[in-house]
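This note is addressed to a colleague who wishes to read the model alongside its sequence. Please keep both in view while going through the points.

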Amino acid sequence: RCITVLISMFKVKVLLGLSAIIAVIVFVFWDVLLSLDVNKYQVFSLEYYAANKYQVSSKENHATNKYHYQVSSLDHPATNLPGNTTTKARRKSHLKIQEIFKDRTDKIHKVCAEEKSKIPANVRIKDTVWSIEEKHKLLMCRTAKHGSTTWSSNFVQIYTNGKTGGSQLKLRQLEGRATSLSKKLDAINSLRSADHDLLSFFVCRNPVEKLLSVYNFLLYQTQENGKTFAKFPTKNPPSWEKYISKVANGMTDGLSDSVFQKCSVCTFHYDAVIKMETFDHDSRQILKNVGVGWLGTLHQNNHGSHNLKKLSMRKIFENSSKSDIEGIIARYEMDFKLCGYEQTLEELTEIVTEK
């Protein structure tokens with residue numbers, strides 16, 4: 001009986017000892033957890049965006065008379081950005097592409113330097129407008145009616161080694177399996193520095209041509225295919241003038257966004273800029289130099305395409321009000337300037353003066 005009591009007492013002592021050890025461990029780790037602002041590291045938290053604010057600065061190189069655009073962090077140096085790398089470490093092919101598109105990216109840097117007051121202080125990333133393919137280090141910001149359908153098919157073919165093309169839905173599925181959301185956001189955020197690993201690019205299009213294309217696309221889809229759009233009724237669809245009036249007064253429908261705002265052109269550093277006027281040639285330059293020259297790209301989804309060389313600006317806006325044209329200028333002014341469509345901007349300004 002004495003032995004049984006001793007054994008029981010020993011067990012109690014062991015349990016008390018283990019309990020004390022567990023209590024100490026919990027206390028220490030709880031203290032560590034409290035010392036960390038866990039929410040700060042969550043990608044979609046307000047603290048994350050507050051910790052990643054950037055301001056734009058520019059300087060003029062008087063020796064070459066060219067503008068250099070740089071983004072500096074308010075909170076930490078660019079070298080600490082996720083995915084950041086040095087220029088020397090960039091792939092040779094990316095440097096070649098940068099040289100091919102240098103005139104266009106220099107144009108963007110110059111306009112951004114001149115129009116600093118129009119650059120948003122904070123940019124919230126919408127990951128769904130970006131496409132990424134890590135093997136060939138491609139990162140594209142897509143804008144509706146800027147060749148986005150064609151490039152979605154390009155990405156799908158790259159992912160499947162040419163076995164299949166596909167839509168944006170198919171691309172999202174393939175991309176989601178290959179790259180996590182956090183890694184994608186890190187890659188996009190890395191474009192805040194000129195030194196980044198992935199080849200970044202977007203497509204420029206004359207805003208007036210784009211709006212004509214969007215309008216024709218909506219008419220085609222609603223009247224021919226029976227599709228419905230929240231802001232473009234199938235029955236009694238709006239006239240061109242009414243559509244322009246809605247856009248001029250701030251209507252957002254996912255199709256009429258400016259590339260300046262959607263792709264944060266003056267916040268992120270882009271390596272290449274495709275233009276719709278030379279879409280196939282520009283796209284081939286990128287694909288060939290990243291090692292997928294076998295992919296023959298042709299602009300798809302041509303219904304809604306327009307060539308402004310064949311159209312008169314005065315004819316297009318002859319029935320639009322002065323205030324609506326002013327609204328179009330205000331909404332797309334940066335697109336006109338960044339992408340080199342100043343002549344169209346001047347024409348619109350003249351029409352406003354004549355109204």
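The points below go from the chain as a whole to the sheet, the helix contacts and single residues.

1. Overall composition. The model is a predicted one. Its protein chain contains 14 helices and six strands. Of the 355 residues, 44% count as buried. The accessible surface comes to about 19000 Å², and carbon and sulfur atoms make up 56% of that area.

2. Contacts along the chain. Among contacts in the protein chain with a separation of 6 or more, 72% are between residues 24 or more positions apart. Two such pairings in space, around Ile 244 and Thr 344, are taken up in later points.

3. The sheet. An open sheet is formed by four strands in the order 3-4-5-6, with mixed pairing. Strand 3 and strand 6 (272–275) are its edges, each pairing on one side only. On average, and with direction ignored, neighbouring strands of this sheet are turned by 20° against each other.

4. The hairpin at one edge. Strand 3 and strand 4 (residues 138–141) run antiparallel and are joined by four bridges. Within this pairing, Ile 132 has Leu 139 as its bridge partner, and Ser 131 stands opposite Met 140. The two strands form a hairpin with four residues between them, and Lys 137 in the turn has a positive phi of about 55°.

5. The two faces of strand 3. In a regular strand, side chains alternate between the two faces of the sheet. Which residues of strand 3 (residues 130–133) lie on each side? Trp 130 and Ile 132 are on one side, with Ser 131 and Glu 133 on the other. All four are buried, and both faces of this strand are thus covered. The reader may wish to note that Glu 133 is among these buried residues.

6. Helices on the sheet. Helix 4 lies across strand 5 (199–204) and strand 6, and runs at about 105° to strand 6. Helix 11 (residues 279–289) also packs on the sheet, where it touches strand 4, strand 5 and strand 6. The direction of helix 11 makes about 150° with that of strand 6.

7. Gln 285 in helix 11. Gln 285 belongs to helix 11. Is this residue buried or exposed? Gln 285 counts as buried because its relative accessibility is 17%, with the cut-off set at under 20%. Apart from neighbours within four places in sequence, Gln 285 is in contact with Ile 97, Ile 100 and Phe 101.

8. Helix 4 against helix 13. Two packed helices are described by the angle between their axes and the distance between the axes. The axes of helix 4 (residues 102–114) and helix 13 (residues 322–338) come within 9 Å and cross at roughly 135°. The two helices are therefore oblique to each other. Helix 4 contributes Lys 107, Ile 108, Val 111 and Cys 112 to the contact, and helix 13 contributes Met 334, Lys 337 and Leu 338. By class, these residues are five nonpolar, no polar and two charged.

9. Helix 8 against helix 13. Helix 8 (residues 207–223) packs with helix 13 at an angle of about 120°, the axes being 10 Å apart. This pair, too, is therefore oblique. From helix 8, Pro 207, Val 208 and Leu 211 meet Ile 328, Tyr 332, Asp 335 and Phe 336 of helix 13. The residues of this contact divide into six nonpolar, no polar and one charged.

10. Ile 244 in helix 9. Ile 244 is located in helix 9 (residues 240–248). Its relative accessibility is 0%, so Ile 244 counts as buried. Ile 244 and Leu 212 are 32 residues apart in sequence, and their C-alpha atoms are 9.4 Å apart. Neighbours within four places in sequence aside, Ile 244 is in contact with Leu 211, Phe 317, Ser 320, Asp 324 and Ile 328. Of these partners, Leu 211 and Ile 328 also take part in the meeting of helix 8 and helix 13.

11. Thr 344 in helix 14. Thr 344 has its place in helix 14 (residues 342–354). With a relative accessibility of 7%, Thr 344 counts as buried. Thr 344 and Asn 206 are 138 residues apart in sequence but 8.1 Å apart in space, C-alpha to C-alpha. Not counting residues up to four places away in sequence, Thr 344 touches Asn 206, Val 208, Met 313 and Phe 336. Val 208 and Phe 336 appear again in the contact of helix 8 with helix 13.

Notes. Residues numbered from 1 in each chain as written. Predicted model: local features only at pLDDT ≥ 70, side-chain atom pairs only at ≥ 80, totals over all residues. Heavy atoms only, no water. Axes fitted to C-alpha atoms, helices over the stretch in contact; angles between N-to-C directions. Parallel < 35°, antiparallel > 145°, perpendicular 65-115°, else oblique. Contact = heavy atoms within 4.5 Å. Nonpolar A, V, L, I, M, F, W, Y, C, P; charged D, E, K, R; others polar. Buried < 20%, exposed > 50% of the residue type's maximum accessible area, 1.4 Å probe, protein only. Pairing = 2+ DSSP bridges. Areas by Shrake-Rupley, 256 points an atom, 1.4 Å probe, with all protein chains shown as cover.
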